[in-house]
Amino acid sequence: MRSVGIALCCLLLFSVAAFGQGVTFNKDVLPILQARCQSCHRPGEVAPMSFLSYQTTRPWAKAMKAAVIERKMPPGGLDPRYGHFVENFSLSQTEIDTIAKWADAGAVEGDPKDALPPVQWVEGWRSKPDLVIEAPPFNVPAKGWVENMIMVLPNPFKKDTWVTTIEIRPGVPAAMHHAGVRFAPHMDGVKYGKFYWSDIKRDETGIHVPGQPRPERVTFCSADQKDVCPAPEANLITDGAGAGFEGFYRPGGAPLDYAYYKTAYLIPADTDMILSLHWTPTGKPVTDITTVGFVLAKEEPRRQLIMRALKPRGNDGWNDRVRWRIPAGAANWEAPPKDAIFNVDTELAVMSIHMHEHGKDMKYMLMYPDGKVETVLIQPRYDFNWQMTYNLEKTIKIPKGTKIRVMSHFDNSPNNKFARDPDRDVYGGEQSWEEMDAPWIGLILPKGVDPKNVYTENPGDEATFWNPTQSN
Ligand code: HEC
């Protein structure tokens, strides 16, 4: 008996030593979970299981190994060769190996004395808002899909106001796919607090009927377009025509702190607050009350941050049904480039990726005036579940004359688990099963530069526009 006991013990010791090299939860794995996983994997947050303690984490060891090796988790991971971002979205190879070794060696707890103190997670707000606005409640059904909702609320600020953070906080994080806030000129007759969605013609599967003319596009009229806008109720606000979101929520993400870049965002007094809200059914009906918090700037900043969405080439971007069409079954369709040339010196601070269910990858490149190309971000495995905004650790200086090109690919083949009907062409639209091709950028401008003149979009001929001398 004794000899069997000794043999077993030594076998175990041997396997731990050979495969796990003494990797333990407390010493090696917990620090990774605290830094990279717990923002979502804790009670009340978006992920279904908690990785706060050994007891709750242990059953997931094998699944964790698989998820990190496939780079499924943490979500939103970029190609680590390009760009350094404030939140790090990709695990290092060492971190991946640590989790894998720990799982292989029996997911050992280790000495509690090795454990770091628990992170003091803030319940609810990540920032310290000076003012909080509550949106009307929304009933999220148990099943099916919910249209992307748009709502207009009165601007809470009576005079021009500089803010350093806009944080969106869903009442039920698990039911919120993403949410955005922006400010747009007030329109007469707009109904505050009403949920709108763009009602285009669809068949019973929810897909826009092919071959039928798309009904008049529903867009928000900016101040300079006012005279061509039809009645406000009908032409509400959908795609944000050129405007990025100033505040953006995605599960597990911290809100953008403009103060990090020593800048602030200006909310003009004569605007309305526009919320774009996308809920996902979770299997049981819930009522969500989303709140928006504002952190006011202590003083007027010397530099201003603006958010802008870039448009694909073609007649009206992704609404060009000739150029912007993903053919049925196409596994790697290249969308028209999103091009712009900068007219002033500026700095790039934020990059974001917004596509819908067919989105596959996106790549951001800059071409400096000397023709040298620098790739600044590559998302090689876009996943519709994760709408990410990437904040550069250090801004990139953009001299006047620099060009930006963003390329994206889409998958409308049966390989894409999200593609609802790969036998049909897909066009641009507001809803998840239609497509968007919307990179957006955050730029820092010296005060006094007119945000409207910062860049010219999609100028000239697309082939001669991009004429690099060398690339990284
Ligand atoms: C931004 C939020 C977020 C972060 C950060 C995150 N997760 Fe997740 N994770 C989720 C959500 C939501 C799910 C459930 C839905 C899904 O599988 O996508 C999930 C599911 C999982 C699963 C189950 C996957 C499966 O195949 O069933 C594992 C394992 C996991 N996460 C591990 C990790 C690890 C390890 C980390 C850190 C290295 C991490 N996650 C970071 C949100 C997150």
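1. His41 has a relative accessibility of 8% and therefore counts as buried, the cut-off for that class being under 20% relative accessible area. The model in which this residue is seen is a predicted one. His41 belongs to the loop between helix H2 (25-36) and helix H3 (54-57). A nitrogen atom of the ligand lies 2.8 Å from an N or O atom in the His41 side chain.

2. The iron atom of the ligand deserves attention next. Its coordination by the protein comes from His41 through NE2 and from Met73 through SD, at 2.0 to 2.3 Å. The two residues link distant parts of the chain, since Met73 sits in the loop between H4 and helix H5 (93-104), 32 residues apart from His41. As for geometry, 6 donor atoms surround the iron atom and subtend angles of 86 to 180°, so the arrangement is octahedral.

3. Met73 should be described separately from His41 as regards exposure. With 30% relative accessibility, Met73 counts as partly exposed, because that class covers values between the 20% limit for buried and the 50% limit for exposed. The peptide bond that leads from Met73 to Pro74 is cis, with omega near -10°. Pro74 is placed in the loop between H4 and H5.

4. What surrounds the ligand as a whole? The shell holds 20 residues, and the closest are Cys37, Cys40, His41, Lys72 and Met73. By class, the shell consists of 17 nonpolar residues, 1 polar residue and 2 charged residues. Helix H4 (residues 61-69) supplies the largest share of the shell, namely 4 residues. An N or O atom in the side chain of Lys72 is 3.1 Å from an oxygen atom of the ligand.

5. Gly44 shares its loop assignment with a residue discussed above: Gly44 lies in the loop between H2 and H3, and His41 is placed in the loop between those helices. Gly44 has 59% relative accessibility and so counts as exposed, whereas His41, at 8%, counts as buried. In sequence, 79 residues separate Gly44 from Glu123, yet their C-alpha atoms are 8.7 Å apart in space.

6. Which side chains make polar contacts with the side chain of Asp437? One contact, of 3.1 Å, joins Asp437 to Trp324, and another, of 2.8 Å, joins Asp437 to Lys338. Asp437 is located in strand S21 (residues 437-446). Its relative accessibility is 0%, and Asp437 therefore counts as buried. Beyond four places in sequence, the residues that Asp437 touches include Leu310, Pro312, Trp318, His354, Met362, Ser408 and Phe410. Trp324 and Lys338, the polar partners named above, are also among the residues touched.

7. Ser352 is a further strand residue for consideration, located in S15 (residues 346-355). Ser352 counts as buried because its relative accessibility is 1%. Apart from neighbours within four places in sequence, Ser352 is in contact with Tyr364, Met388, Thr389, Ala438, Pro439 and Trp440.

8. Ile168 is found in strand S4 (residues 161-169). Its relative accessible area is 3%, so Ile168 is classed as buried. Once neighbours within four places in sequence are set aside, the contacts of Ile168 are Ala179, Gly180, Val181, Gly247, Phe248, Tyr249, Thr290, Thr291 and Val292. Ile168 and Leu275 stand 107 residues apart in sequence, with a C-alpha to C-alpha separation of 9.7 Å.

9. Two backbone conformations should be checked on the structure. Ala107, although not a glycine, has a positive phi of about 50°. The position of Ala107 is in the loop between H5 and strand S1 (131-134). With a relative accessible area of 1%, Ala107 is buried. Asn458 likewise is not a glycine and has a positive phi, of about 45°. This residue lies in the loop between strand S22 (455-457) and helix H6 (462-465). Asn458 has a relative accessible area of 19% and is classed as buried, because the limit for that class is under 20%.

Conventions: Residues are numbered from 1 along each chain as its sequence is written. This is a predicted model: local features need pLDDT of at least 70, side-chain atom pairs count only at pLDDT 80 or more; totals for chains, interfaces and linings use all residues. Side-chain values use heavy atoms; hydrogens and water are left out. A residue is near a molecule or strand if one of its heavy atoms lies within 4 Å of it. A polar contact is a pair of N or O atoms within 3.5 Å; within protein, one must be able to donate a hydrogen and the other to accept it, and residues adjacent in sequence count only if both atoms are side-chain atoms. Ala, Val, Leu, Ile, Met, Phe, Trp, Tyr, Cys and Pro count as nonpolar, Asp, Glu, Lys and Arg as charged, and the others, Gly among them, as polar. Donors are N, O and S atoms within 2.8 Å of the metal (3.2 Å for Na, K and Ca); water is not among the atoms, so sites may look incomplete. Four donors count as tetrahedral if all angles lie between 85 and 135 degrees; four count as square planar and six as octahedral if opposite donors are over 155 degrees apart and all others between 65 and 115; anything else is irregular. Buried means under 20% relative accessible area, exposed over 50%, partly exposed in between (1.4 Å probe, protein chains only). Contact means heavy atoms within 4.5 Å.
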